[in-house]
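This report looks at how helices pack against one another and at the empty spaces left between them. Please keep the sequence and the model in view while reading.

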Amino acid sequence: MKHEEIQAEDNVSTVVQFVLLGFSELPDLQGFLPGVFSIIYVAILIGNSLIVIITRLDPALHKPMYFFLAHFSTLEICYVSVTLPRILVSLWTKDRSISLLSCATQLCFFLVLGTAECFFLAVMAYDRYVAICNPLHYPLIMNPRKCHQLAIGSWLGGMPVQIGQTCQIFTLHFCYSNQINHFFCDIPPIFKVACGDTSVHEVSVYVVVMLAAVVPFLLILASYIKIIATILRLPTAQGRTKAFSTCSSHLLVVVLFFGTASITYFRPKSNHSAGTDKLLSLFYTIVTPMFNPVIYTLRNQDVIAALKRLFLKT
């Protein structure tokens, strides 16, 4: 036992940079992937920016629902910009190396913005709950001051915990290999290149995920149980359809984001595989932000009308 500990200590080296393997196992697609990801990034920037612009310019969208949607679209631009530009640089230059500090910074921003996304989805669900279940008091409850407080809380709420968690993760020693089999610095692949026992750190990650993701998800679930119960009591089919249409877009985004992220972080370590992790990560880091503008636009008549007015003016 003592001999094994000494041997493990001898194998520990001071890692100054990692190598993100990314999609190196797909050599035939190396010439194709940069173009695809460039188009996706531009589409995300344009789609989400359009939502931000129309919610600011169109008076018909000066409502709490669209106030939060504008913040959410801004968040999506920031969230995807943490990972996708780095992927593009790696694919174009063939340089997959990333310094330890850059990796820690990327992980920290990714976690902080991911937590903010969970909080914003919960706040948007609460907004729909008040609008449908308590419509007469909606303007009073969701007043401008309350909306700004909820937005600031969502942006900053996860920052202290996630900065602390990032610092804790990077106190680990890394040995045997500095190659991370992923396209960005995420927690599961970083644990794979860490030496020694990481069980305490893994428990810490589970606790933080419970607070940052599970609690907001339970609040969303409770809100939608109340919303559905209220909608089913509406006297007319037209009223029920209209109420469901205002919630369906948000509910679809919730399922896409929380579904893929929860599978990634709550699977047992023994069940983790690099290919599955990359596929799931692609969904909640790139695919979901790309489809969000489409989901919110196609299923929302107010947004469609605002877009038409914007393009007619220009």
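How much space lies in the second largest cavity? In this predicted model, the second largest cavity holds about 120 Å³ of space, and 13 residues line that cavity, with G22, F23, I87, S90 and L91 the closest to its centre. The structure as a whole holds 3 cavities of 30 Å³ or more.

Helix α3, which covers residues 64-93, gives the most to the lining of the second largest cavity, namely 4 residues. Sorted by class, the lining of this cavity consists of 6 nonpolar, 4 polar and 3 charged residues.

**Pockets**

Rolling a probe the size of a water molecule over the atoms shows where empty space is left. Two pockets can be described in the same terms as the cavity, beginning with their volumes and the classes of their lining residues.

| Pocket | Volume | Lining by class |
|---|---|---|
| Largest pocket | About 510 Å³ | 10 nonpolar, 6 polar, 5 charged |
| Second largest pocket | About 330 Å³ | 17 nonpolar, 5 polar, no charged |

The largest pocket, with about 510 Å³ of space, is lined by 21 residues, and R128, K242, S245, T246 and D302 lie nearest its centre. Two or more residues of this lining come from each of α3, α4, α10 (237-266) and α12 (301-313), and α10 gives the most, with 5 residues.

Which residues are the closest to the centre of the second largest pocket? The second largest pocket has about 330 Å³ of space, and of the 22 residues that line it, C118, V209, A213, A261 and Y265 are the closest to its centre. The elements that give two or more residues to the lining of the second largest pocket are α4, α7 (159-169), α9 (199-232) and α10. Charged residues are absent from this lining, which has 17 nonpolar and 5 polar residues.

**Helix packing**

Helix α3, already met at the cavity, also takes part in packing with other helices. The axes of α3 and helix α4 (residues 100-133) come within 10 Å and cross at roughly 160°. Angles over 145 degrees count as roughly antiparallel, and α3 and α4 are therefore roughly antiparallel to each other. Their crossing is left-handed, and the residues of the contact of α3 with α4 divide into 17 nonpolar, 4 polar and 5 charged.

How is α3 placed against helix α6, residues 144-156? These two helices pack at an angle of about 20°, and their axes are 11 Å apart. Because angles under 35 degrees count as roughly parallel, this angle makes α3 roughly parallel to α6. The crossing of α3 and α6 is right-handed. On the α3 side, the contact is made by P64, F67, F68, H71, T74 and L75, while α6 contributes C147, H148, L150, A151 and W155. By class, the contact of α3 with α6 has 8 nonpolar and 3 polar residues, and no charged ones.

A further pair is formed by α10 and helix α11 (residues 274-298), which pack at an angle of about 175° with their axes 9 Å apart. That angle makes α10 roughly antiparallel to α11. The contact includes, from α10, the residues S249, H250, L252, V253, L256, F257, T260, A261, I263, T264 and Y265, and from α11 the residues L280, F283, Y284, T288, N292, I295 and Y296. These contact residues divide into 12 nonpolar and 6 polar, with no charged residues.

Two residues link this last contact to the earlier account of the pockets: A261 and Y265 of α10 take part in the contact with α11, and A261 and Y265 are also among the residues closest to the centre of the second largest pocket.

Terms used
Residues numbered from 1 in each chain as written. Predicted model: local features only at pLDDT ≥ 70, side-chain atom pairs only at ≥ 80, totals over all residues. Heavy atoms only, no water. 1 Å grid on protein atoms, 1.4 Å probe; cavity = no way out; pocket = protein on both sides within 12 Å on 5 of 7 lines; lining within 4 Å. Points joined across faces, edges and corners; volume = space filled by probe spheres on them. Nonpolar A, V, L, I, M, F, W, Y, C, P; charged D, E, K, R; others polar. Axes fitted to C-alpha atoms, helices over the stretch in contact; angles between N-to-C directions. Parallel < 35°, antiparallel > 145°, perpendicular 65-115°, else oblique. Left-handed = near helix turned anticlockwise from the far one by under 90°. Contact = heavy atoms within 4.5 Å.
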